[in-house]
Amino acid sequence: MAMQTVELQFNTGLKRKIFRNARLCGSWDGNGRYSDIWSESPMREDTGTDGCPMFKATVSLDLADKDKTFKWGVLLDGPQGANFWGVPTELQDADSTDRYRQFQLAVNAPTQVERYYFTYGRRLGANKYFTANGAPGLRFAVWAPNAQKVDVVFGTPAGYIADDGKGIDPKHPVVALTRAADGIWEGAPQGSFESFKSHPYMYRISNAQGETVYRTDIFSRSQIGKGSIDPAKGNWPGTVDTLDGTVSCSVVIDPDVIRRDFASTPAGKQPPLIPATEFWACEFTFGLPLPTRLDDLVIYELHIGSLGFGKPGPGDLGDAIAFLDHLVDLGVNAVELLPMAEFSGNVAWGYGDTHHFCIEASAGGRDKYRHFVRECHRRGIAVIQDVVYNHYDPNSGRAQWAYDSNAPEQNIYYWYEGMPGDYPAFEAAAELAVQNHSTDPARPISGHGGYLDNGSTGYCPRFCEEVVRQQFISSAAFLIEEMHVDGLRVDLTQALHRDNVLHADGRSVGTANSFGQKFLREWSRALRMIHPNVMLIAEDHTGWDAVTKLPANGGLGFEARWAAEFYHNLIGDAKSADGKARLLKQAGYGGNEPLEMDRFAGALSGSSHNQVVYHESHDEAGNAEGTERTIETAINGAALDDATRPWAEARSRVSFGLSLLSAGTPMFFMGEEIGAKKNFTYNNFKNEREDILGERLNSGKSLFRYYQDIITLGRRQRSIRSHNIDILHQSNANRVIAFKRWSGDEEVIVVASLNNAPFANGYVVAKDPLAIPDGAWKEIFNSDASVYGGHNMGNGGTTILSSHGCINTKIPANGFVVLARQ
């Protein structure tokens with residue numbers, strides 16, 4: 001009986017020992033024959049050549065089953081508990097959610113090795129390579145399935161290699177890579193890893209057409225450029241500080257050490273480095289816990305580039321660390337950062353990413369980012385990072401675009417449906433555009449008909465490729481595991497799971513939607529295996545309930561989604577808010593006409609369904625059509641002066657109060673706490689920065705105090721942190737809404753008004769005795785307090801009695817009160 005020896009490996013790709021007690025499960029019996037009843041056997045823990053924990057086991061299988069497809073996977077113990085399935089990756093089938101690996105027996109091979117990589121962060125890129133011979137070496141690996149030849153070339157310290165090869169450092173030999181399985185090219189130079197550390201490099205690829213192209217490492221951990229100049233397009237002075245990182249050389253980085261000090265090291269000197277374990281050993285402050293539940297958060301949305309008021313350039317991570325004490329004073333316990341992965345130029349929002357394992361160099365790079373996270377954690381502030389998976393930087397000519405082939409159908413990082421010849425009408429239109437010398441950015445371009453639009457600013461990634469999905473999954477694991485980020489917010493997830501259409505004619509491509517869903521399931525599964533408490537948020541406007549269900553229950557695995565509907569009903573300054581309540585927008589006109597409180601009541605009630613709610617975000621702070629800052633909308637863009645500011649601030653206080661007191665997780669955009677009034681736009685934010693720290697002590701003083709106190713109330717009251725909400729009353733004519741929040745025996749009632757006159761003689765809120773039980777209620781918060789710039793119209797802290805499902809309370813003009821049951 002001929003047998004084949006098969007070694008099966010589970011490679012974690014993560015430095016920390018997260019998993020234990022691995023058991024191999026496979027479709028064979030004790031005699032090595034194929035079986036539909038899977039067997040289970042222990043695996044041996046070892047250290048892989050990447051220096052990370054791995055598990056392996058050997059089985060002998062009967063070659064009589066050489067035509068059978070064997071299935072296998074791994075059971076693990078770890079952070080999620082005991083006996084959980086260790087393969088988050090689904091089959092390469094749009095209609096399947098099954099999770100196992102497959103292989104067939106190789107005839108005439110002494111030992112067949114089947115490997116599963118849980119993450120690819122140390123499989124692809126420039127990584128340490130460990131052997132039994134002492135110090136680790138350096139190994140390169142790149143996915144280029146269409147390439148004819150791949151070499152690694154090293155650059156000079158200037159960090160740029162031109163398309164003609166100028167900039168290659170002749171002192172370093174070229175490293176020829178060898179094609180391995182799955183279109184991955186691998187190779188190792190002579191010498192230790194340490195001898196190559198900090199060296200710039202690129203891949204020199206002979207593509208499918210035989211052309212020589214230079215490409216960055218998509219799995220790079222650092223891009224050397226820190227500026228905005230692409231030497232192929234502009235006059236580059238030859239310095240790293242002016243070079244655009246997306247086209248610059250990648251850099252060999254040791255991910256297991258961190259700069260000890262935050263301050264930059266002078267050129268030519270090596271910074272003091274310490275092991276990552278030592279760096280993170282002093283991450284927390286005793287007695288100051290870090291929040292781990294989304295329900296407990298008050299989130300501050302922060303764009304680091306918009307800090308640094310008074311500087312000529314954009315803000316950076318140094319400015320962000322200096323800003324943290326302001327956030328501590330404010331009382332927020334989570335910060336959500338706009339994207340920080342490498343992007344084109346150095347002045348941007350960050351939503352056109354290229355290298356997802358890199359932290360934007362112009363902002364400070366990976367080590368300064370880790371210092372920032374550590375300083376947040378020391379202050380009890382969780383860090384949520386915004387990430388973008390729905391498109392790449394459209395100008396990523398040296399990154400994802402045409403990586404190893406000029407043929408559209410072989411553009412490995414981009415989804416292309418069919419062949420260019422499948423779209424004759426589109427090709428004819430593209431030819432006509434050429435003949436007419438059209439310069440319209442929306443003109444058809446030959447060969448582009450099969451790419452997919454999805455509502456983002458670029459074409460859809462090729463999620464049917466496991467490597468593409470792993471690029472995003474592994475970079476997320478990098479943020480959680482190596483950067484110690486506490487949560488991720490994914491940009492426009494509907495672009496991944498619903499909105500993929502052909503560029504040629506707008507037809508929906510269901511297979512792409514299915515693979516987008518597959519990717520999100522794999523992503524959320526893998527992250528929760530590493531860190532079960534990771535907070536995962538989707539920007540999703542579909543209303544699809546599967547978004548916030550676990551994959552095991554047919555969902556995508558998010559904990560919550562951004563609630564744009566709440567914003568449009570509460571604020572409503574965006575053009576897209578047609579058909580919504582638009583409370584603040586309508587109130588800002590200054591009249592006392594009825595407001596659609598009943599429509600807003602629906603959004604308020606819906607906030608209990610796993611939502612992050614906000615009254616201002618980066619999208620609607622002046623960038624989206626029709627939008628402006630909250631304080632501007634509150635008075636319809638009138639000049640802010642002594643006469644208008646009290647009205648503007650009062651309505652702004654109501655807006656944030658209704659968000660924070662809702663049943664969702666509250667978030668707001670930077671500057672709202674001091675009444676920021678300048679528009680935040682993607683192309684002019686640097687020139688419209690506001691002095692948040694300065695205004696906090698001046699015109700924004702009263703509003704800042706209000707934010708402090710209402711945030712403190714929200715964090716203190718468990719009733720406000722719960723998902724329980726009951727709408728007690730709404731009146732369109734009176735512009736009043738009342739609702740109850742509770743947790744156990746703790747109950748509060750919120751009564752809010754956007755009426756321009758106070759209800760000084762009281763206002764009766766009535767429902768039923770269950771909703772408003774008989775008892776005593778005390779005013780514990782009044783948005784109209786004089787310390788906030790108000791008129792002290794309210795109940796003065798007196799006790800109010802409720803009876804027969806009714807309560808009578810005074811309400812300030814453009815204000816609210818919070819009553820707590822005694």
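Leaving out residues up to four places away in sequence, G588 touches T633, A634, I635, N636 and R651, where touching, or contact, means heavy atoms within 4.5 Å. Before we go on, a word about what you're looking at: this is a predicted model, in which local features need pLDDT of at least 70, side-chain atom pairs count only at pLDDT 80 or more, and totals for chains, interfaces and linings use all residues. Residues are numbered from 1 along each chain as its sequence is written, and side-chain values use heavy atoms, with hydrogens and water left out.

Back to G588. You'll find G588 in the loop between α10 (583-587) and α11 (597-606); helices here are DSSP runs of H or I with at least four residues, strands are runs of E with at least two, and both are numbered from the N terminus. With a relative accessibility of 6%, G588 counts as buried. The cut-offs are simple: buried means under 20% relative accessible area, exposed means over 50%, and partly exposed is in between (1.4 Å probe, protein chains only). One of the contacts of G588, R651, is 63 residues away in sequence, yet the two C-alpha atoms are 8.3 Å apart in space.

Another contact of G588 is T633, so let's hop over there. T633 sits in helix α12 (residues 630-633) and is buried, at 0% relative accessible area. Its side chain makes a polar contact with the side chain of D573, at 3.1 Å. A polar contact is a pair of N or O atoms within 3.5 Å; within protein, one must be able to donate a hydrogen and the other to accept it, and residues adjacent in sequence count only if both atoms are side-chain atoms. Setting aside residues up to four places away in sequence, T633 touches I571, D573, L584, K585, G588 and E628.

R525 tells a similar kind of story. This arginine belongs to helix α8 (residues 510-530) and is buried, with a relative accessible area of 13%. The side chain of R525 pairs with the side chain of E90 in a polar contact of 2.9 Å. Apart from residues up to four places away in sequence, R525 touches P88, E90, T97, R99 and P551.

For a strand, take a look at V387, which is part of β25 (residues 382-387). V387 is buried too, at 7% relative accessibility. Not counting neighbours within four places in sequence, V387 is in contact with L479, L488, R489, V490 and D491. Of these, L488 is 101 residues from V387 in sequence but 6.8 Å from it in space, C-alpha to C-alpha.

Now for some helix packing. Two packed helices are described by the angle between their axes and the distance between the axes. Axes are lines fitted to C-alpha atoms, for helices over the stretch in contact, and angles run from 0 to 180 degrees between N-to-C directions. Start with helix α3 (residues 317-330) and helix α15 (residues 701-716): their axes come within 8 Å and cross at roughly 60°. That makes α3 oblique to α15, because angles under 35 degrees count as roughly parallel, over 145 as roughly antiparallel, 65 to 115 as roughly perpendicular and the rest as oblique. H326, D329 and L330 of α3 and F704, Y707, Q708 and I711 of α15 make the contact. By class, that comes to 4 nonpolar, 2 polar and 1 charged residues, with Ala, Val, Leu, Ile, Met, Phe, Trp, Tyr, Cys and Pro counted as nonpolar, Asp, Glu, Lys and Arg as charged, and the others, Gly among them, as polar.

Helix α3 has a second partner in helix α4 (residues 365-378); these axes come within 10 Å and cross at roughly 5°. So α3 is roughly parallel to α4. Here L317, A320, I321 and L324 in α3 meet G365, K368, Y369, H371, F372, E375 and C376 in α4, giving 7 nonpolar, 2 polar and 2 charged residues.

Next, a backbone oddity. Most residues other than glycine have a negative phi. S198, though not a glycine, has a positive phi of about 75°; this serine is in the loop between α1 (193-196) and β16 (200-206) and is partly exposed, at 41%. A402 also has a positive phi, near 45°. A402 lies in the loop between β25 and α5 (424-435) and counts as buried, at 11% relative accessibility.

Finally, the cysteines. The structure holds 0 disulfides, a disulfide being a pair of cysteine sulfur atoms within 2.5 Å. The sulfur of C249 is too far from the closest cysteine sulfur for a bond, because that sulfur, in C358, is 12 Å away.
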